[in-house]
Amino acid sequence: MLAEIKGLNEECGIFGIWGHEDAARLTYYGLHSLQHRGQEGAGIVAAHNGSLSGHKGLGLVTDVFQSGTLDALKGAAAIGHVRYSTAGGGGYENVQPLLFRSQTGAMALAHNGNLTNAIELKLALEGQGSIFQTTSDTEVFAHLIRRSQAPTFVEQMKEALSQIEGAFAFLLLTEKALYAALDPHGFRPLSLGRLGSAYVVASETCAFDVIGATYEREVAPGELLIISREGVRSERFASRQPRSICSMEYIYFARPDSHVDGINVHTARKNLGKRLALEAPADADIVTGVPDSSISVAIGYAEASGIPYELGLIKNRYVGRTFIQPSQALREQGVKMKLSPVRGVVAGKRVVMVDDSIVRGTTSRRIVSMLREAGAVEVHVRISAPPITHPCFYGIDTSSKEELIAANRTVEEIRRLIGADSLAFISQEGMLEAIGRPDVSPQRGQCLACFTGQYPTRLGQAARPCLTMK
Ligand code: SF4
């Protein structure tokens with residue numbers, strides 16, 4: 001999983017807890033386990049004695065929360081956020097949770113996803129006198145709540161939720177309750193769990209495991225959960241739409257130990273590997289996967305093909321983030337620093353190199369060349385996603401169409417460009433069957449827009465792809 005250098009980045013991870021005296025500390029642990037979903041900023045807001053207070057900053061969770069910071073965040077409820085900046089850019093002011101104070105009380109907001117009509121709404125709100133503190137589309141939601149004339153806070157939230165479009169998993173904290181909402185298509189995962197008498201909500205179930213919480217259920221698309229002293233109440237703010245959960249969550253983003261909408265991610269990836277082996281066999285000596293996300297796929301490929309799995313590539317976990325390096329040359333150097341071939345394993349071997357996706361092609365070309373430099377005699381590249389031909393508008397930074405190598409070239413052209421002996425992508429049908437969602441729709445409840453260009457929602461006039469090329 002080489003998100004930063006590949007140009008395919010998850011936007012955010014969110015975590016919330018209600019009813020535990022160590023809420024901020026547990027949120028810290030939860031965010032730590034969601035760190036793979038965003039490394040540019042982190043924040044926590046806790047509710048204590050009728051008020052909200054928070055801490056946030058740029059960087060990794062462990063950088064932002066030094067000793068003592070967490071002790072200051074008291075209270076039995078908290079929400080937290082890890083951010084990869086897509087819409088709005090990466091400044092400090094855009095790090096979440098966003099905290100708003102008004103005469104009627106304070107609220108904190110954490111968002112995973114991307115609103116496709118944010119610019120339209122923002123222009124309309126500015127026309128009505130709103131002033132925005134951030135360039136993040138998340139703030140639009142807070143303004144919509146505050147402007148609502150509905151009689152109760154829950155009705156105000158529902159009215160605001162019904163006006164926004166695109167992908168959103170929201171956590172909102174007030175002194176009185178924790179609210180969780182998922183967009184009507186359910187692009188992003190959002191799960192509810194229990195820790196004793198406390199409730200937890202998180203982008204991925206790995207955050208439950210780390211704090212010892214048990215999984216209860218998914219937050220349903222179009223559902224608003226209200227968690228308070230009275231327990232959990234469920235309301236709907238939108239009619240049920242066909243589910244469109246992001247395919248890349250299974251293929252690439254989520255941690256292998258997470259369950260995404262009931263399916264274990266490692267198992268899904270292993271099945272992708274098995275299917276790839278059937279669809280695109282290779283005459284080779286070893287199978288290796290690009291760490292981390294493609295290890296499970298490589299294990300599946302090896303199992304189905306009978307070719308032994310080997311650790312042919314090692315990830316160096318202690319190098320700095322490469323996406324702050326703007327030029328292509330430095331980005332390529334970044335690949336080299338992040339990954340090393342294991343010479344003793346690949347030298348003299350015909351290698352099947354399994355990866356999850358090809359975005360710009362830069363990373364694949366570097367890895368193929370590294371394997372050859374380490375003595376591999378053949379490199380056969382197998383990809384566990386169909387070709388990415390369209391940008392994402394739902395919170396994943398997949399680059400613009402011009403930069404997507406598969407949007408503009410045939411598989412054979414890509415093979416030549418990355419210097420592989422052979423190249424194959426999994427078929428769309430194979431991908432859907434391997435992930436194995438029980439959904440009966442032709443898309444099996446998955447979003448396929450970056451492979452097909454068929455977007456499940458209207459794209460607002462000013463919708464922009466989640467484009468923050470660094
Ligand atoms: S367009 Fe692709 S990356 Fe974006 S939500 Fe859909 S499947 Fe995920």
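This report looks at two helix contacts, a ligand shell and one buried residue in a predicted model.

## Helix α4 against helix α5

Start with helix α4, which covers residues 118–127. α4 packs with α5 at an angle of about 45°. The two axes are 10 Å apart. An angle between 35 and 65 degrees falls outside the parallel and perpendicular classes, so α4 is oblique to α5. The crossing is left-handed.

Which residues in α4 and α5 meet? From α4 come A118, L121, K122 and L125. From α5 come V140, H143, L144 and R147. Sorted by class, this contact has 5 nonpolar residues, 1 polar residue and 2 charged residues.

## Helix α5 against helix α6

Helix α5 spans residues 138–147, and helix α6 spans residues 153–163. Their axes come within 8 Å of each other. They cross at roughly 130°. Roughly antiparallel would need an angle over 145 degrees, so α5 and α6 count as oblique to each other. The crossing of α5 and α6 is right-handed.

On the α5 side, the contact uses F141, L144, I145 and R146. On the α6 side, it uses F153, Q156, M157, A160, L161 and Q163. By class, the residues of this contact are 7 nonpolar, 2 polar and 1 charged. Look at L144 in α5: it meets α6, and it also belongs to the contact with α4.

## The shell around the ligand

What surrounds the ligand? The shell contains four cysteines: C246, C392, C447 and C450. R188, S247, M248, Y394, I396 and A449 are there too. By class, the shell divides into 8 nonpolar residues, 1 polar residue and 1 charged residue.

Two helices each supply at least two residues of this shell. One is α8, residues 247–253. The other is α17, residues 449–452.

## E249 in helix α8

Helix α8 also holds E249. Is E249 buried or exposed? Its relative accessibility is 0%. Buried means under 20%, so E249 counts as buried.

How far apart are E249 and E204? In sequence, they are 45 residues apart. In space, the distance is 10.0 Å, taken from C-alpha to C-alpha.

Methods. Residues numbered from 1 in each chain as written. Predicted model: local features only at pLDDT ≥ 70, side-chain atom pairs only at ≥ 80, totals over all residues. Heavy atoms only, no water. Axes fitted to C-alpha atoms, helices over the stretch in contact; angles between N-to-C directions. Helix = DSSP H or I, 4+ residues; strand = E, 2+ residues; numbered from the N terminus. Parallel < 35°, antiparallel > 145°, perpendicular 65-115°, else oblique. Left-handed = near helix turned anticlockwise from the far one by under 90°. Contact = heavy atoms within 4.5 Å. Nonpolar A, V, L, I, M, F, W, Y, C, P; charged D, E, K, R; others polar. Near = heavy atom within 4 Å. Buried < 20%, exposed > 50% of the residue type's maximum accessible area, 1.4 Å probe, protein only.
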